[in-house]
Amino acid sequence: MALIARELDVLTAIVEDYISKAQPVGSRTVSKTGQVPLSPASVRNTMADLTEQGYLEQPHTSAGRIPTAKAFRLYLDHIMRLRPLPEPVKELMTMSLGQAGLEIDDILRQASRILSSFSKQMSMVMAPRPSRALWRQIDFVLLRPGLVMAVLVLQGGIVQKRVVAVEETPGVDDLLSYGNYLNHHFQNLTVREVRMRILAELGQAKRELSELTGKALRLALDTFSTSPAPEVFVEGTLNMLSQPEFSDISVMRDLLKALEDRTRLLELLDKTMSEYRTMIMLGEEVEPSELAGCGMVCSPYGGPEAPLGAVSVIGPLRMDYAEVVPLVSYTAQLVTLMLGKHF
């Protein structure tokens with residue numbers, strides 16, 4: 001059921017006061033804001049209606065009301081106005097990320113620090129999944145008879161190295177030919193696409209592959225048939241623990257437990273990449289369940305054609321999304337520009 005104007009005004013006043021003070025909001029507080037031209041009694045009745053509809057809850061009998069995840073979702077989707085980042089803030093963020101150096105891990109770790117510092121919340125930056133990155137170049141190096149090292153350079157400066165055992169020791173010229181063949185045929189395809197093509201090529205029993213082609217394909221498949229889970233750079237955990245919502249020891253313990261489950265966190269960040277847009281997830285929309293009292297703002301980086309990873313902020317449900325969303329979006333843009341510039 002759609003809310004009427006009076007209910008929207010009261011709900012807006014409560015949400016914004018709760019964001020600011022982290023305290024239950026009473027009817028007198030709402031009437032004194034000047035945003036709602038209603039008496040405390042009328043505000044009280046409206047708050048009771050909003051509670052029945054699931055937008056407010058009353059933590060204690062004598063206390064005021066606090067907005068639920070449903071209220072925040074309505075506020076975010078229909079009421080909130082984002083606050084553009086001031087130019088000095090943008091310049092400082094750009095300068096800080098520019099000092100990170102050229103290694104992709106250093107860039108992402110610094111991006112996480114910057115985001116945590118400016119948002120005053122906890123930040124997470126997901127490193128690229130190699131399977132989604134574009135193939136740039138592969139080279140093979142003979143370490144000793146029977147052992148070859150493969151070095152694969154991917155989009156965004158990702159470098160993967162792996163030592164592969166081979167039955168027949170190839171010569172230096174052979175390894176150079178393998179690399180030239182693979183780079184010619186697979187450059188600018190994702191690693192996932194390359195693997196599928198290799199399997200298709202090798203699976204065509206009726207087709208006679210040349211000796212060079214067959215050996216190059218089998219060596220590439222042996223080298224990168226599996227891909228490790230990407231790293232997640234987390235900063236600002238203490239920012240979360242300093243929030244009043246997490247002052248309870250059991251709540252804090254559940255939060256820390258959830259943050260240790262990197263697999264679930266990666267699943268959350270993957271949702272952002274699949275749609276390639278900044279997303280806000282609230283309450284029960286955030287898994288695992290230990291994060292149900294939190295909000296999460298995520299934005300992908302790397303370009304819509306081949307997104308590489310995501311940056312995000314996790315905070316209490318009442319965090320200031322009007323400020324956090326632009327911070328997350330701009331950080332993702334900076335990371336995209338930085339990786340595109342260097343790689």
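Rings of Phe, Tyr and Trp, the last taken by its six-membered ring, are said to pair if their centres lie within 6.5 Å. With that criterion, colleagues, the structure before you holds two aromatic pairs. I shall describe one of them. Phe72 and Tyr321 stand 6.3 Å apart, centre to centre, with 65° between their planes. Planes over 60 degrees apart count as edge-to-face, and the pair of Phe72 and Tyr321 is accordingly of that kind. In the chain these two residues are 249 residues apart, so far as numbering goes, and the pair links distant parts: Phe72 belongs to helix α4, residues 69-79, and Tyr321 to helix α13, residues 321-342.

Before going further, I should state that this is a predicted model. The mean pLDDT of the chain is 85, and 94% of the residues score at least 70. Among the elements of the chain, helix α5, residues 87-98, has the highest mean pLDDT, at 94, while helix α12, residues 262-275, has the lowest, at 76. As a general caution, where pLDDT is low, the predicted coordinates should not be read in detail.

Let me turn to the packing of helices. Two packed helices are described by the angle between their axes and the distance between the axes. Helix α1, residues 5-21, offers two cases. How do the axes of α1 and α3 cross? Helix α3 covers residues 40-52, and its axis comes within 10 Å of that of α1, with a crossing angle of roughly 90°. The two helices are therefore roughly perpendicular to each other. On the α1 side the contact is made by Arg6, Glu7, Val10, Leu11 and Ile14; on the α3 side, by Val43, Thr46, Met47, Asp49 and Leu50. Sorted by class, this contact has six nonpolar, one polar and three charged residues.

The second case is α1 with α4, the helix that carries Phe72. The axes of α1 and α4 also come within 10 Å, and they cross at roughly 105°. That angle makes α1 roughly perpendicular to α4. Here α1 contributes Leu8, Leu11, Thr12, Val15, Glu16, Tyr18 and Ile19, and α4 contributes Ala71, Phe72, Leu74, Tyr75 and Ile79. Phe72, a member of the aromatic pair, is thus listed in this contact as well. By class, the contact of α1 with α4 has 10 nonpolar, one polar and one charged residues.

I now come to the sheets. In what order do the five strands of the open sheet lie? The order is β7-β3-β10-β9-β8, and the pairing is antiparallel. Strands β7 (232-235) and β8 (279-282) stand at the edges with a single partner strand each, so one side of each is left without a neighbour in the sheet. From one strand to the next, the twist averages 20°. Within this sheet, β9 (residues 294-301) and β10 (residues 309-316) pair in the antiparallel sense over eight bridges. One residue of interest is Cys298, whose bridge partner in β10 is Ser312. Helix α12 packs on the sheet and touches β3 (122-126), β7, β8, β9 and β10; the direction of α12 makes about 55° with that of β9. I would recall that α12 is the element with the lowest mean pLDDT.

Another open sheet is formed by three strands in the order β4-β5-β6, with antiparallel pairing. Its edge strands, β4 and β6, each pair on one side only. The twist in this sheet averages 20° from one strand to the next. Strand β4, residues 135-144, is joined to β5, residues 147-154, by eight bridges. Among the partners, Gln137 is matched with Val153 of β5, and Arg144 with Leu147 of β5. The two strands form a hairpin with two residues between them, and Gly146 in the turn has a positive phi of about 95°. Eight bridges also join β5 to β6, residues 158-165, and these strands run antiparallel. In that pairing, Leu152 has Gln160 of β6 as its bridge partner.

Definitions and conventions: Residues are numbered from 1 along each chain as its sequence is written. This is a predicted model: local features need pLDDT of at least 70, side-chain atom pairs count only at pLDDT 80 or more; totals for chains, interfaces and linings use all residues. Side-chain values use heavy atoms; hydrogens and water are left out. Two strands pair if DSSP finds at least two bridges between them. Helices (H or I, at least four residues) and strands (E, at least two) are DSSP runs, numbered from the N terminus. Axes are lines fitted to C-alpha atoms, for helices over the stretch in contact, and angles run from 0 to 180 degrees between N-to-C directions. Angles under 35 degrees count as roughly parallel, over 145 as roughly antiparallel, 65 to 115 as roughly perpendicular and the rest as oblique. Contact means heavy atoms within 4.5 Å. Ala, Val, Leu, Ile, Met, Phe, Trp, Tyr, Cys and Pro count as nonpolar, Asp, Glu, Lys and Arg as charged, and the others, Gly among them, as polar. pLDDT is the predictor's confidence in each residue, from 0 to 100. Rings of Phe, Tyr and Trp (its six-membered ring) pair if their centres lie within 6.5 Å; planes under 30 degrees apart count as stacked, over 60 as edge-to-face and the rest as tilted.
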